[in-house]
Amino acid sequence: MAVIRDVMPAFDLLQPASAVDAQKLLETYGEDAWVMAGGMDSFDWLKDRIKKPQVLVDLSGVDELKGIRTSGDGVEIGAMTTLTEIAKDPTIRKNYGLLAEAVEHVASPQIRNQGTLGGNVSQDARCWYYRGGWPCYRAGGNECFADTPVGRNREHAIFGANRCVAVNPSDSAPALIALDAKFVIQTPKGERVVDAEDYFLGPEVDITRLHILKPGDLLTAIRIPSTWAGANFYFEKVRDRNVWDFPLMNVASAMKVSGGNIEDIRIAVNAVAPRPMRLTAVEAAVRGRPANATTGEMAGKLAVQGAIPLQFNAYKIPLMRNLVKRAIGGVQETTWTS
Amino acid sequence: MPAVELTKAESLKPIPFGTGYKLIGHDFSTNDLVAKVTGASRYAEDFRAEGMLFCRLVLSPMPHARVKRINADKALAMPGVKGILTPSEVPGHANYVNDNGTMIKADRFSELALADEPMYQGEPILAVAAVDELTCAEAIEKIEIEMEPLPFNTDPLDSLRPGSANAREEGNVWVPNPPPSRESQLAAVKWTDEDFAAEREGKLPMGHAPEEWSYGDLDAGFKNAALVLDETFSTEDVSHQCLEPRTTMAFWQNGKLYLYTGTQSTMQTVPAIARWMHMPEDKVVFISEYTGGGFGSKITGALTLVIPALLSKKLNAPVMMRVSREEEHFIGRARPGIRARTKVGFAKDGRITALDMFLVSDAGSYGSNGDGGACGQITSLLYQPPAMRWRNITVATNTLPRSAQSAPGGMQAIAIIEPILSKAARKLGVDQVALRRVNCPEGKAQYGPPGPGGKRAYVTSCYLKQALDEGAKQFNWSARVARPKQSGTKVRGVGVALSCYHGGTTGFDGLIVITPENRVRVYTGIGNLGTEAFVDVHRAAAEILNAPWSAVDIVWGDTSKNLPYSCHSGGSQTIHAMTRAGHAVALECAQRLKEVAAKSLGGQPVDYEVANLRVARKGGGAGMSFAEAAKAAIKLGGIYDGHDVNPAVNMYTKHSVAGHAGEGLVASATDNYPHDGDSFSFLACFAEVETDVETGKYHITDYMGYADVGTVIHPAALGGQVLGRSVLGMAHAIGQKWVIDPQYGITVAERFYTNKPPTILDVPVDMKWNALNIPDPETPVGARGCGEPPVGGGCAAITNALAEALGDNIFQRVPVNADTILTSYEAGRPMQNPFLAHI
Amino acid sequence: MDFITWATSPWGRTVPEHIAWGLIWVAVLFGLFFMVAHAVYVKVVVPRKVAHISPAEAARVPERVPRHSLAARLFHWIMAISMFTLLVTAFLPKVGVQFNWVLYHWIAGLVFTVSIIFHIVHSSFVLDFWAIWPDKTDIRDARSRVLRFFGKAAPAPRRFAKYPLENKLYHGAIVLAGLAVICTGLFMMKRVETPIFTRNPYLFSDMTWGLMYVLHGLAGVSLIGLIMMHVYMGIRPEKLPITKSMIFGWMSRDFYLEEHDPERWAVEGQPTAQSKRGLAASDAD
């Protein structure tokens, strides 16, 4: 059978107006349904004809999934809220600037206007073999084409590889983990709320998905508790191009510093492993220590222990070491004036 | 027209733009601008015709294979599917004589629009036409294609290893036939394990190279050198990635083919279409008013345009072939990557004493052009080594076909040599600008090896030293060099690079009709690929006719409108070639106007002058408007209204003049102005970068290009060219690339977000440019082209600035990215394999 | 139903990817069917055996007849645990139970492989290698049993040697399936992360790998059925003494004399007829 790309296949377009209807549709059609938020990931798959769902459940008409609501304990962000809206929201900027900064680094302004938070955390891997329709593990096959003696794997994982070496490309995910966000999922059995880091799956558990959503499940909202509101935040994304690029790596941290010492911290990195990595060992090691370059240095070295580079991605080890260092100890700023 | 004596070259200073002219050197809005800004412009994809079908391509999944069997029965049985086009239905290789009388010999190694032995993954092997694209796609997925995989190789150096696979059954290396033939043959060339021993030291192996030239005393040059560097450097294969893909629509009417597609030349695409279709040129009507970029890949359209034309004929319906971004990656051409090893000797002051260049050029799957030849020529011109040897081996690989891309060979030469100059300057303690100044070409600088007569070729003029000096001043070079280099985690560096490329050709025609409506209607067959040059050149004609620009209409983009023989908008030739043609036809037009006036009003033509849409007696008195002159010309007939034609013009122009007969005063002329040297344009390029050594991420914080391009015709457009093409060069430095899996020979990065052409945020916000505006003495308007010359400088100024910031042991290839810097900066030596292709 | 799941290779060719996972349920159903069919057969058709053992014969046999050495038993149970782990880690994820299975699967696979290598060496050089392979008597007796089952005249079959023919046939099937999963599995380890091999999926062509995965899968699902049969047999009341012997190493004299022919399987201390090996022999040990 000959292959052709760039022509979207025919499917039934279902446009529910409520979250309940959306979830019911997903449940009814199960594996045959494709859920679409902003479409930034979906359209690639569809236009390449690699995914051919029977129905496409378009969430763009579900208003209740949009918007940012403040509650007694933090904020709740509808899964269909656009990244631009989040980046501009005064409450997010004031209390959860980490997330604002993370989403401002996603792709390009046009994509942020259309892309949603739910979509950003639920997007699929960007391994070019997988995206190219190669029959790899993640596509249900028996092979990883990136981790071979000649595989092109500059963007791939240095941690957590299990047959598949693709990385999770989300920029918002590590920020949400650092903010201890909770993901609200409507399932056929009712509402389920999971911690941010538990939303993501590694290939050792399920090699075909990056997150825990099963057919019939719908991510409806992300709640950020006030626990980390106004903490010391750090986000940095390193990418090849200054706009419209996925991360080579990103880091997000939330620190509570008291008397110059780290009272508490949550830190996560992404694009180093198939799932966003919360660095719990680093968190434990730096708690109680001064928030300075020395601690950052130590944290960076600790963070990369156990990393296994591939042929073309060894640079990710010093990059991760330095990003973790900066997230904790800060950046040594330049002083030149001209 | 200002004239310049070359002997005074050294003392020449920059001239303010527009000095002495009413139109030339002044900004204006080009005729296509409003349509482009408002979206009214129609590109090939925007056209529709009644009953139009769509066609889509089937691309080869294998890098080299033989199509054994195609079973499209199920596809053809589908409702809405109208037909398929197979390789056997595409006209094959055949000799062709065009209307110019030029014989184009069949090349059995060249590609056809559909291949039964695809040479690269992504090569079109079949086309399907249906009522819409969805039906096409569903039909394609029902087609069974049996293919036999054949040996392949996607890495040129690997192709030279003992026992490795050849890209084509005939061999892996293009070997030139003995002179005077300019053709090459494929042969199998393998180097030995001993040849490859150098690879272990990070040096490019140098086995047998079938192409070689030299001049000067190389040994003496190296012997007398204070410093000798032996450097390995590789440039990347970079796709053209035109924003407008090679979409084409075609239909047949009354035995004529009407074809719509993007091109760099309206007139010269016609013979190409006729040659590819095996049909007479006068049966081709070609429409291409707007083109979304070409960069050398659409000189005469693209070979794949025959697919909808053939399908349209077969199915008796208009056919639109929309080319997707992925398909464009495959059929859209690319610049050859070159692996180079260059040994350069320097005197204490940085003057090059000898240069020995060895190149492995990747010509891809079709054609023998790996850019190696131009790479040697530009090196020889731009750095003026007194002794030089050039060796080159052009390797065929099962990768995308290469074609000229802005400054073919020149860009690679500059990218390869400039880092060596920078390193030498650091080692010798010589300022970077000063080192380049002592190596700078000037005046009628010679280049290349001696020709058959023993003489070396030379340029028309070169004022690069002035550009370097003026540029350094404007860029505050000395002050920037003196600033601290490191602060916090950031290091910064400044870089300078020389740059040059061809700047024009000669011998094309102009065609002007003065209409009874008092308009100056200029016809042009140049392609409108977005650079504005296709309009700018006519400012020269308007200047000569002393006509207000508002009275000038430009007619372009449709061969049924009878356009003259024009240059294609490629090779940086347009501004040079067509201001000459414009100059010639304007003089001819003015002369005919004077003759008509003399015949109508009495006196001799010499008694009259042309200005402000009137031809009138000098010093006042009788005169007539252009409208009146046009009417008079129609009455006079013959040479005045196009019933007779200037015998000097090209055959195409003669046809077109005949088409305009009786429309007004019809003037045509050809450029036969004398021209001694070869036209080249030059630039001095400056850049500053700031690198964060903890992330490897760097930013270009400033950039300036200072041009020596002769007379500036349209400053805003020239600025666009200088900076736009500098950005193309920067793309090579900062990230644009291919990624190919060598096991399967398959491209895995075929979209913008994986090929990574730079975005607007990857270049400085306020890049600067300037130009000397010193006229070229060998062309009447003094203007040369600037489409290509900035590219190499745009790349090398960045890499030189990076090396200044980070040291010499960071990279041996472009692009340079965070990964290169992070690993190499810590290790203190280049950590990236300099040879491995397409990583 | 398609027995094989097909994939499109990077070169656009249709290549086998693995077995259709529905075959897991086919194997399970087969195992269940065998159990039911066998249980019915035993209950309805098989006549109760009446042993005719002379006291003299009994006196020659020790009360506890040694059957499996400690080494053989250790092998069996290590192999059983690894096999069970292999089946669980292979097939539970395929039916929706998600966990980190690959690590445990290849470790169990290595244990299984080592145990099998031990078994081959041990049975070749320490045990009687031929005891588990059918001999002429088995075939003759099997023929007789079939003829007698259909009411035809045939000589009475003899008692079994150390292993009943069914046991021998079962062993043969296990050997085939086991060796298939081992050989394919070892190569497949080149495709996952282990500290032992550098990953290299390009040892073979896409087609060869595809066939290898299919073979691994077919052997794997066969093992589901075979293991179900084995476990079922192991817990059948009349077979329990054999199972116990795999734990304790011995079986009772009564069971021995009832089921086994001392002529064909002499217990320790009993005079043994010099036998030729293989199918030519009249399996007297």
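**Notebook: strands, helices and contacts in a three-chain model**

I began in chain A, where strands β6 (residues 182-187) and β7 (residues 190-195) run antiparallel and are joined by six bridges. The model is a predicted one. I looked up the connection between β6(A) and β7(A): a hairpin of two residues. I then picked one pair, and Phe183(A) has Val194(A) in β7(A) as its bridge partner.

Next I asked what β6(A) pairs with besides β7(A). Strand β8 (residues 218-224) of chain A pairs with β6(A), antiparallel, over five bridges. In that pairing I found Ile185(A) opposite Leu219(A) of β8(A).

**Chain B, confidence**

I checked pLDDT before going further. The average for chain B is 96, and 98% of the residues score at least 70. The start of the chain is another matter. Over residues 1-7 of chain B, pLDDT stays under 50. For that stretch the model has 12 contacts beyond four places in sequence. Where pLDDT is low, predicted coordinates should not be read in detail. I left the stretch there.

**Chain B, the sheet**

I traced an open sheet of five strands in chain B, with the order β23-β24-β32-β33-β36 and mixed pairing. Which strands stand at the edges? They are β23 (486-487) and β36 (768-771) of chain B. Each has a single partner strand, so one side of each lacks a neighbour in the sheet.

I followed β32(B) into strand β33 (residues 698-708) of chain B: the two run antiparallel, with 10 bridges between them. Phe686(B) sits opposite Met704(B) of β33(B). I noted helix α19 (residues 715-734) of chain B packing on this sheet, where α19 touches β32, β33 and β36 of chain B. The direction of α19 makes about 135° with that of β33(B).

I marked a second pair between β32(B) and β33(B), with Leu683(B) opposite Ala707(B). The two strands form a hairpin with five residues between them. In the turn, Gly696(B) has a positive phi of about 80°.

On to the parallel pairing. β33(B) and β36(B) run parallel and are joined by four bridges. Met704(B) turns up again here, opposite Lys768(B) in β36(B).

Is β33(B) enclosed or open? Nine of its 11 residues are buried, so β33(B) is largely enclosed by the rest of the structure.

**Chain B against chain A**

I counted both sides of this contact: 45 residues of chain B touch 40 residues of chain A. I listed the elements of chain B that supply at least two residues each: β1 (53-59), α3 (133-140), β7 (144-149), α8 (325-331), α20 (752-755) and α22 (818-827). Which of them gives the most? It is α22(B), with five residues. I sorted the chain B side by class and got 18 nonpolar, 12 polar and 15 charged residues.

α22(B) deserved its own entry. Eight of its 10 residues are buried, and the helix is mostly covered. I wrote them down: Ala818(B), Asp819(B), Thr820(B), Ile821(B), Leu822(B), Thr823(B), Ser824(B) and Tyr825(B). What do these buried residues pack against? In chain A they pack against β9 (232-238) and α12 (316-329). In chain B they pack against β32 (679-692) and α21 (790-806). So β32(B), which I had met in the sheet, is also a packing partner of α22(B). Just after the helix, Gly828(B) takes a positive phi of about 75°.

**Chain B against chain C**

I looked up this contact too. Six residues come from chain B and four residues from chain C. By class, the chain B side has five nonpolar, one polar and no charged residues.

**Chain C, Tyr256**

My last entry is Tyr256(C), which lies in helix α9 (residues 253-259) of chain C. Is Tyr256(C) buried or exposed? I found 27 C-beta neighbours inside 10 Å, so Tyr256(C) counts as buried. I set aside neighbours within four places in sequence and listed the contacts of Tyr256(C): Val61(C), Val65(C), Met251(C) and Val267(C). I also checked Glu63(C), 193 residues away along the chain. The C-alpha atoms of Tyr256(C) and Glu63(C) are separated by 9.6 Å.

Note on methods
Residues are numbered from 1 along each chain as its sequence is written. Chains are lettered from A and ligands numbered from 1 in the order in which they are written. This is a predicted model: local features need pLDDT of at least 70, side-chain atom pairs count only at pLDDT 80 or more; totals for chains, interfaces and linings use all residues. Two residues are in contact if their C-beta atoms, placed from the backbone, lie within 7 Å. Ala, Val, Leu, Ile, Met, Phe, Trp, Tyr, Cys and Pro count as nonpolar, Asp, Glu, Lys and Arg as charged, and the others, Gly among them, as polar. A residue is buried if 20 or more other C-beta atoms lie within 10 Å of its own, exposed if 12 or fewer, and partly exposed in between; C-beta atoms are placed from the backbone. Two strands pair if DSSP finds at least two bridges between them. Axes are lines fitted to C-alpha atoms, for helices over the stretch in contact, and angles run from 0 to 180 degrees between N-to-C directions. pLDDT is the predictor's confidence in each residue, from 0 to 100.
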